[in-house]
Amino acid sequence: MQTFFRYNWMVREEWYRWCEELSEEDLIQNRTGGVGSILHTLFHIVDVEWSWIRLLQGKTDFEENFDGYKSLNQVRKLDAEFRTEVENFVNNWDGSMENRLFYDTLPDGRTVTDTWGEVIRHVIAHEIHHIGQLSIWAREVGKKPVSANLIGQGLSSY
């Protein structure tokens, strides 16, 4: 699990560097799919990761508003602010946390129960899903996307 978080963070940093070569207009241009734009998608990835980690810890969650983060530097700064808490949680994950129950009250009042393991894997898959969307959009703007290769990145110890 920790390997996949490190992978997502590594790939996210590469996407940030990739975005430095785009104009602000290209970053905020509304696109088909996802949450709308390249920059908004990166913001969404950061916000969702942090929000789920806070909820698992029983902390309050507030959904950040993208309107306050409409530049690459602002999204990177938010990511850096949130990363400390997320990384601390991920690095302290142990097997005893896998089957802890998380009770989520939906907007309609229903409560659903999931395990922490399910939630944490959802967070990982959520980012990978959106990184795939960024790869499609990269090709649409005529640029090579960031590699999604996990192999050979030195992320696993053996």
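Angles under 35 degrees between helix axes count as roughly parallel. That cut-off applies twice in this predicted model.

**Helix pairs**

Start with helix 1 (residues 2-19) and helix 5 (residues 116-140). Their axes come within 10 Å and cross at roughly 25 degrees. Helix 1 and helix 5 are therefore roughly parallel to each other. The crossing of this pair is left-handed.

Now take helix 3 (residues 38-56) and helix 4 (residues 72-91). Here the axes come within 10 Å, and the crossing angle is roughly 25 degrees. That angle makes helix 3 roughly parallel to helix 4. Helix 3 crosses helix 4 in a left-handed sense.

**The hairpin**

Strand 1 covers residues 101-105, and strand 2 covers residues 111-115. The two strands run antiparallel. Five bridges join them. One bridge pairs leucine 101 with threonine 115 in strand 2.

Strand 1 and strand 2 form a hairpin, with five residues between them. What is the phi of glycine 109 in the turn? It is positive, at about 95 degrees.

**Empty space**

Rolling a probe the size of a water molecule over the atoms shows where empty space is left. The table sets out the largest pocket and the largest cavity.

| Space | Volume | Nonpolar lining residues | Polar lining residues | Charged lining residues |
|---|---|---|---|---|
| Largest pocket | about 200 Å³ | four | three | four |
| Largest cavity | about 30 Å³ | three | two | two |

Which residues line the largest pocket? The lining holds His40, Phe43, His44, Asp47, Val48, Ser51, Trp52 and Leu55, together with Asp61, Glu63 and Glu64. Four of the lining residues are nonpolar, three are polar and four are charged.

How many cavities of 30 Å³ or more are there? The count comes to one. Asn8, Ile45, Val48, Glu49, Val123, His126 and Glu127 line the largest cavity. Which helices each supply at least two residues of that lining? Helix 3 and helix 5 do.

Val48 links the two spaces in this account. Val48 lines the largest pocket, and Val48 also lines the largest cavity.

**In brief**

Two helix pairs cross at roughly 25 degrees: helix 1 with helix 5, and helix 3 with helix 4. Strand 1 and strand 2 make a hairpin. The largest pocket holds about 200 Å³ of space, and the largest cavity has a volume of about 30 Å³.

Definitions and conventions
Residues are numbered from 1 along each chain as its sequence is written. This is a predicted model: local features need pLDDT of at least 70, side-chain atom pairs count only at pLDDT 80 or more; totals for chains, interfaces and linings use all residues. Side-chain values use heavy atoms; hydrogens and water are left out. On a 1 Å grid over the protein atoms alone, a cavity is a set of points where a 1.4 Å probe fits but cannot get out, and a pocket is an open set with protein on both sides within 12 Å along at least five of seven lines; lining residues have an atom within 4 Å of a point. Grid points are joined across faces, edges and corners, and a volume is the space filled by probe spheres set on the points. Ala, Val, Leu, Ile, Met, Phe, Trp, Tyr, Cys and Pro count as nonpolar, Asp, Glu, Lys and Arg as charged, and the others, Gly among them, as polar. Two strands pair if DSSP finds at least two bridges between them. Helices (H or I, at least four residues) and strands (E, at least two) are DSSP runs, numbered from the N terminus. Axes are lines fitted to C-alpha atoms, for helices over the stretch in contact, and angles run from 0 to 180 degrees between N-to-C directions. Angles under 35 degrees count as roughly parallel, over 145 as roughly antiparallel, 65 to 115 as roughly perpendicular and the rest as oblique. A crossing is left-handed if the near helix is turned anticlockwise from the far one by less than a right angle, and right-handed if clockwise.
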